[in-house]
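Please take a moment to look over the sequence and the model below before reading on. The paragraphs that follow lead from the interior of the chain to its sheets, and then to two single residues.

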Amino acid sequence: MSGDSAPERHGLVVRATNLGDVVNLINVEGLGKAYGPEPLLDGVSLGVAAGDRIGVVGRNGGGKSTLVSLLAGRIEPDSGRATRTRDLRVGYLTQRDEFPGDATVRSVVLGDRAEHDWAGDARARDILAGLLPDVSLDAPIAGMSGGERRRVALARLLVPETDLIVLDEPTNHLDIEAIAWLAGHLKDRTLIVVTHDRWFLDEVTDRTWEVADGQVHRYEGGYSAYVLAKAERARIAASTEEKRQNLLRKELAWLRRGPQARSTKPKFRVDAANALIADEPPVRDSVELVRFATARLGKTVYDVEDATVRVGDRTLFEHLTWQLGPGDRVGLVGVNGSGKTTLLRLLEGSVAPASGRVVRGKTVQLAHLSQELGELDPARRVLESVEEVKRRITIGKREFTAGQMLERFGFRGDAQWTPVGDLSGGERRRLQLLRLLMAEPNVLLLDEPTNDLDIETLTELEDLLDGWPGSLVLVSHDRYFLERVSDHVVALLGDGGLAMLPGGVGEYLDRRRRTAPEPDAVRSAEPQVAKNAWQAKKDLDRLERRIDRLGDREAELHDLMASHATDHEKLLRLDDELKAVRAEREEAEEQWLELAEGV
């Protein structure tokens, strides 16, 4: 919600602060805050200037939310002082979306504004069209889903004029389309954002603050630049933390070869950081993993044959035929309610088709991570809860004990002896995921596994999955994680079938934009202004990233075909995908040439 004079209510000093030639909107000096014996923030000094777009990262419980609450004037520091420009307008989005019991979308987002007033406001129209395209302004908020409530909360925040926007986990409950729209909207706003969504950080921010051990470490650039800077610092410091360095090198290799790094222009020298990955192999040996998976699973994993699935009076899938093969890593996207979770349950067997059938391989050992937290014995200790599944696990060529795996998932030292009943939601999520992996399944169905996980845990999970030989279907709104873990993407587009997307998430968003109906809330408003030069440049960058992804996938398919030269059925499937990838790349190249001529 928008804040007007919050710092005065908390007794903070309100005045302009000059640092050289920069007038900061907010400046803090010697800031300290603690909620127990150990301070979350200790002697922090920093400033926020107009035009800053700052991403805040760090481990869960490390003080990120406390920092932004202090900056926004929502809480008082224990020590130090905060100074702010007079009449600073701050919009603040908390992790919890709260509304009056009788609130409607109109009363929350537009208040008493007349129809002609907001309809004549291009920014308000754009926000309503982007966040609430299918929602009536007179709809009651009570009874809305978490995703709908989050969209309303964001619209409430963004419609009023503000000088600074503070966002605490803004992508929670949002689908990929809403996250993409939000990133585009925020590029011209002054903001501070706490999020574990690394794609969002790269799209929106131009500097990064890492909160760790009571301090705030500042880096130039978004998430990719932050990883590069940490790698350079680690090289100079010659750190002995071998495990952490290996993880950092692997993520650095992914970033420098991926689209985020190519669009990042860090202000620091990266030659030494590039040297760190000169001989770094790809993050995943797809050919070798498919070979291992085939040995564990055989040729059949799941075959969905002419299946029709209905939920109530809705038909989600009609005559669906699809195959999940050994070693396939599939990212599944689609709008909320399109049937992503239902498809996972169809594979699991808890949902039966009205017609058709699902053939499951005889050697399949399935693990399904649902969005609901499974039942865990609250009296058991964390380590006991894992060891009751298995005491040791082999991933790739390495063996890990339950305790070592818990350390990788953030349960260090005494935390392994914490009763399960005392864990937070994010900690329980980590424990649930680890218990699934300890069972050493050969097929994983993951439904929003990144919920409540911090970036450090996400990179650990990605590293574990890089060496895991099996088949995987992943549903996630976290675009970075989805593209990092899966090898190809399929989509539910509302036509009862599954569409192969050689261009990945970018292609999915393109298709959705082409078919999206005009939003109800702004149908009578003036048409939006045509794309400007900035938008054209943005589209060119997007097409370049898409072409690169398609080229990478084409090379992977050639490798896979070479390794399955004797498997006729597999070769046919790979050849079909290769043809689709080539056609998609040619289409994207034509679009790039047409657009480039007009720029």
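**From the core to the sheets**

Leaving aside its neighbours within four places in sequence, Leu158 is in contact with Arg123, Ile127, Leu131, Ile165, Trp181, Leu182, His185, Leu186 and Arg189. The model you are looking at is predicted, and every value given here has been computed from it. Leu158 also belongs to the largest nonpolar core, which has 93 residues, and it is listed there among those with the most contacts inside the core, together with Val105, Val109, Val152, Leu186, Phe200 and Leu431. Helix H7, which covers residues 176-186, supplies the largest share of this core with eight residues. A second core, separate from this one, has 26 residues, including Leu41, Val48, Leu88 and Val194. As a general background, nonpolar side chains tend to be buried together in soluble globular proteins.

We can now turn to the sheets. One open sheet is formed by three strands in the order S14-S13-S16, with antiparallel pairing. Strand S14 (314-324) and strand S16 (355-360) stand at the edges, and because each has a single partner strand, one side of each is left without a neighbour in the sheet. On average, and with direction ignored, neighbouring strands here are turned by 25° against each other. Between strand S13 (residues 302-311) and S16 there are five bridges in the antiparallel sense, and Val304 stands opposite Val358 in S16.

Another open sheet has six strands, arranged in the order S17-S20-S21-S15-S22-S23, and its pairing is mixed. Its edges are strand S17 (366-369) and strand S23 (498-501), each with a single partner strand, so one side of each is left without a neighbour in the sheet. Neighbouring strands of this sheet are turned by 20° against each other on average, direction ignored. S17 pairs with strand S20 (residues 443-447) in the parallel sense over four bridges, and the bridge partner of Leu366 in S20 is Val443. Helix H14 (residues 340-348) packs on this sheet, where it touches S15, S17, S20, S21, S22 and S23, and its direction makes about 155° with that of S20.

A smaller piece of pairing shows how the two faces of a strand can be set apart. In a regular strand the side chains alternate between the two faces of the sheet. Strand S18 (residues 392-395) has a covered face with Ile393 and Ile395, while Arg392 and Thr394 belong to the uncovered one. S18 is joined by four bridges to strand S19 (residues 398-401), and the two run antiparallel; in S19, Phe400 is the bridge partner of Ile393.

Finally, consider two single residues. Is Gln416, which lies in the loop between helix H16 (402-408) and helix H17 (425-438), buried or exposed? Gln416 counts as buried because its relative accessibility is 8%, which is under the 20% limit for that term. Its C-alpha atom is separated by 5.1 Å from that of Val382, although the two residues are 34 residues apart along the chain. A polar atom of the side chain of Gln416 lies 3.0 Å from the backbone oxygen of Gly403. Thr208, in strand S11 (residues 207-212), likewise counts as buried, at 3% relative accessibility. The side chain of Thr208 reaches the backbone oxygen of Gly222 at 3.4 Å, and among the residues that Thr208 touches are Gly55, Val57, His217 and Tyr226.

Conventions
Residues numbered from 1 in each chain as written. Predicted model: local features only at pLDDT ≥ 70, side-chain atom pairs only at ≥ 80, totals over all residues. Heavy atoms only, no water. Core = buried A, V, L, I, M, F, W, Y, C linked by side-chain atoms within 4.5 Å. Buried < 20%, exposed > 50% of the residue type's maximum accessible area, 1.4 Å probe, protein only. Contact = heavy atoms within 4.5 Å. Pairing = 2+ DSSP bridges. Axes fitted to C-alpha atoms, helices over the stretch in contact; angles between N-to-C directions. Polar contact = N/O pair within 3.5 Å; in protein donor to acceptor, adjacent residues only side chain to side chain.
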